[in-house]
Amino acid sequence: KPGEQKHSKEPASLQCMHLAVVACGDRLEETLIMLKSAVLFSNRRLCFHIFAEDSLKPEFEKKLKEWPSSYTKKFEYTIYPITFSVGNAQEWKKLFKPCAAQRLFLPVILKDVDSLLYVDTDVLFLRPIDDIWHILTEFNSTQLAAMAPEHEIPKIGWYSRFARHPYYGTTGVNSGVMLMNLTRIRSTQFKNSMIPSGLTWEEMLYPLYQKYKNYITWGDQDLLNIIFYFNPECLYVFPCQWNYRPDHCMYGSNCKGAEEEGVSVLHGNRGVYHDDKQPTFKALYEVIRDFPFEDNLFQSLYYPLQSKFLDTVHTLCGRIPQVFLKQIEKTMKKVYENRVIVYLGANHRY
């Protein structure tokens, strides 16, 4: 049937978790580190959908082939060109950041994929994708996408202070981590501000852009906010630890979920992996980047991270290292137990 996953004949445990990313310009390394974090910690098989400029394709293929087979067997990948199905491709391409608008077209392009996790290139997984993928099962009958709030505190949030267009809820939502049931998105008629009846996702994109293009600052994220403002019942809002950004700690700690559970998905927006404004974010990025695949996770990833964090305790985000370390420590313990204890148990029945 249309909309079903290609793997639907397999048992659920073998089905792919679909992950999409859009990489343009100088985002090759960042994208590879994001994919590496996904592969390092996830349990079930992954299917990567990489949308990239033509010039990046050979480099992606070369780098992914260099990964050891113990990891490459955990995923498959497809690289797609950047394409926009409606409206003016040049206009879409220039919206906000190069190629960012591509994510709006994923339901149209990936017709055979049932559900999908989209992430920006500057995202790092600190626990298995399996855990965020599981949120799909928590959707009620009208929900078809999940995002985290743009901010926790309306009075310092961007949308609540500056937006000149409709946005979701009291602070808007951030589109850097977006879980989608594509089958539902494709079959829904969306309420909108243009005509009294509903429009499909594809019908709505270009007229919506035309109507609001002079008022939007954050490009495709603003368009998603406008869509879910008119269709709030379609959105599942997940807590801030699933899309943890510098905003959550640079004004004092304002993500309660991360304080309790630790950061699950780190989103280093504002270029913080590459400058010295937020050393905690940069430390995590560099440690995952430099981790030699076949090494011991505690030895070559967790301990270097702890020592790098000691150098950041004087910074606003560094004051709360446990927020960054809690999930990654838990995840590593599980990975370690699975690899070592299960292996030993299979060989020595004691």
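This briefing describes two domains and one helix of the structure above. The structure is a predicted model, in which local features need pLDDT of at least 70 and side-chain atom pairs count only at pLDDT 80 or more, whereas totals for chains, interfaces and linings use all residues. Residues are numbered from 1 along each chain as its sequence is written, and side-chain values use heavy atoms, without hydrogens and water.

**The two domains**

- The domain assignment, which is automatic or from a database, gives domain 1 (17–238) and domain 2 (247–345).
- Contact (heavy atoms within 4.5 Å) between them involves 28 residues of domain 1 and 32 residues of domain 2.
- The centres of the two domains, taken over C-alpha atoms, lie 24 Å apart.
- About 2,800 Å² is buried between the domains, and carbon and sulfur atoms give 62% of this area; buried area is the accessible area (1.4 Å probe) that two parts lose on being put together, summed over both.
- L124, L126 and R127 supply 26% of the area that domain 1 buries against domain 2, more than any other three residues.
- There are 0 salt bridges between domain 1 and domain 2, a salt bridge being a side-chain nitrogen of Lys or Arg within 4 Å of a carboxyl oxygen of Asp or Glu.

**Helix α9**

- Helix α9 (a DSSP run of H or I, at least four residues, numbered from the N terminus) comprises the 12 residues 201–212.
- The buried residues of α9 (under 20% relative accessible area, 1.4 Å probe, protein chains only) include W201, M204, L205, L208, Y209 and Y212.
- Because the buried residues of α9 fall within an arc of 125° seen down its axis, they line one face of the helix; the arc is that of the directions from the helix axis to the C-beta atoms.
- Among the elements that cover these buried residues are α4 (89–94), α5 (106–109), α8 (182–187) and α10 (220–230).

Notes:
Helices (H or I, at least four residues) and strands (E, at least two) are DSSP runs, numbered from the N terminus. The expected span of a helix is 1.5 Å times one less than its number of residues. Buried means under 20% relative accessible area, exposed over 50%, partly exposed in between (1.4 Å probe, protein chains only).
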